[in-house]
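Here are a few exercises to work through with the model open in your viewer. Try each task before you read its solution.

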Amino acid sequence: MFVTVVAVLCRLGASATGGCVEEIVTDSNMTPEMSMMQCAVGAQAPLAKWMGEHPIYHANWRLERYKCVPGHYEIKGHA
């Protein structure tokens, strides 16, 4: 099954509305062995690593939540 990992990231100190965005972090095309269960249980550490290495989201952003979505996912803009 194709799985997409979607992170909801919010600016630190931003108001509740308009300060969050969705980003597709990875999907099972990049990591073919990933299943929904592996995503749900083991995505936190890779997400933290991704955030630490990202040129935009490494500072002044927090991971609000993430979701594992079956199939392709279209970013909706502000979360």
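## Exercise 1: the disulfides

In this predicted model, Cys10 and Cys20 form a disulfide, with their sulfur atoms 1.9 Å apart. Task: work out which parts of the chain this bond ties together, then find how many disulfides the structure holds and describe the other bond.

Solution, step by step:

- Start with the location. Cys10 sits in strand β1 and Cys20 in strand β2, ten residues apart, and the pair links distant parts of the chain.
- Now the torsion. There are 105° about the S-S bond, and the link of Cys10 and Cys20 is right-handed.
- Check the surroundings: Cys10 and Cys20 are both buried.
- Count up. The structure holds two disulfides, and the other one joins Cys39 to Cys68, again with S to S at 1.9 Å.
- Place that bond too: Cys39 belongs to helix α1 (residues 36–42) and Cys68 to strand β3, 29 residues apart.
- Its handedness: the link of Cys39 and Cys68 is left-handed, at -85° about the S-S bond.
- Burial next. Cys39 has a relative accessible area of 0%, so it is buried. Cys68 comes out at 17%, and because the cut-off for buried is under 20%, Cys68 is buried as well.
- Finish with the pattern: number the bonded cysteines in sequence order and the pairing reads 1-2, 3-4.

## Exercise 2: the aromatic cluster

Task: find how many aromatic pairs the whole structure has, and give the geometry of the one formed by Tyr57 and Trp61.

Solution, step by step:

- A search of the whole structure turns up two aromatic pairs.
- For Tyr57 and Trp61, the centres are 4.9 Å apart and the planes make an angle of 90°. Since planes over 60 degrees apart count as edge-to-face, that is the label for Tyr57 and Trp61.
- Zoom out a bit: ring pairs link Trp50, Tyr57 and Trp61 into a cluster.
- Are the two rings buried or exposed? Tyr57 has a relative accessible area of 6%, so it counts as buried. Trp61, at 12%, is buried too.

## Exercise 3: two loops meet

Task: say which residues Leu12 touches, leaving out those up to four places away in sequence, and take a look at the backbone of Asn60.

Solution, step by step:

- Leu12 lies in the loop between β1 (3–11) and β2 (20–27).
- Its contacts are Asn60, Trp61 and Arg62.
- Asn60 is in another loop, the one between α2 (44–53) and β3 (61–70).
- The C-alpha atoms of Leu12 and Asn60 are separated by 5.3 Å, though the two residues are 48 apart along the chain.
- Now the backbone. Most residues other than glycine have a negative phi. Asn60 has a positive one, near 65°.
- As for accessibility, Asn60 has a relative accessible area of 56%, so it is exposed.

## Exercise 4: polar and buried in β2

Task: take Glu22 and Thr26, decide whether each is buried or exposed, and list the polar contacts of the Glu22 side chain with Lys67 and Tyr73.

Solution, step by step:

- Glu22 is in strand β2, and Thr26 is in strand β2 as well.
- With a relative accessible area of 6%, Glu22 is buried.
- The Glu22 side chain makes a polar contact of 3.1 Å with the side chain of Lys67, and one of 2.8 Å with the side chain of Tyr73.
- Thr26 has 18% relative accessibility, so it counts as buried.
- Last, Thr26 and Val6 are 20 residues apart in sequence, with 7.6 Å from C-alpha to C-alpha.

Notes:
Residues are numbered from 1 along each chain as its sequence is written. This is a predicted model: local features need pLDDT of at least 70, side-chain atom pairs count only at pLDDT 80 or more; totals for chains, interfaces and linings use all residues. Side-chain values use heavy atoms; hydrogens and water are left out. Helices (H or I, at least four residues) and strands (E, at least two) are DSSP runs, numbered from the N terminus. Contact means heavy atoms within 4.5 Å. Rings of Phe, Tyr and Trp (its six-membered ring) pair if their centres lie within 6.5 Å; planes under 30 degrees apart count as stacked, over 60 as edge-to-face and the rest as tilted. Buried means under 20% relative accessible area, exposed over 50%, partly exposed in between (1.4 Å probe, protein chains only). A polar contact is a pair of N or O atoms within 3.5 Å; within protein, one must be able to donate a hydrogen and the other to accept it, and residues adjacent in sequence count only if both atoms are side-chain atoms. A disulfide is a pair of cysteine sulfur atoms within 2.5 Å.
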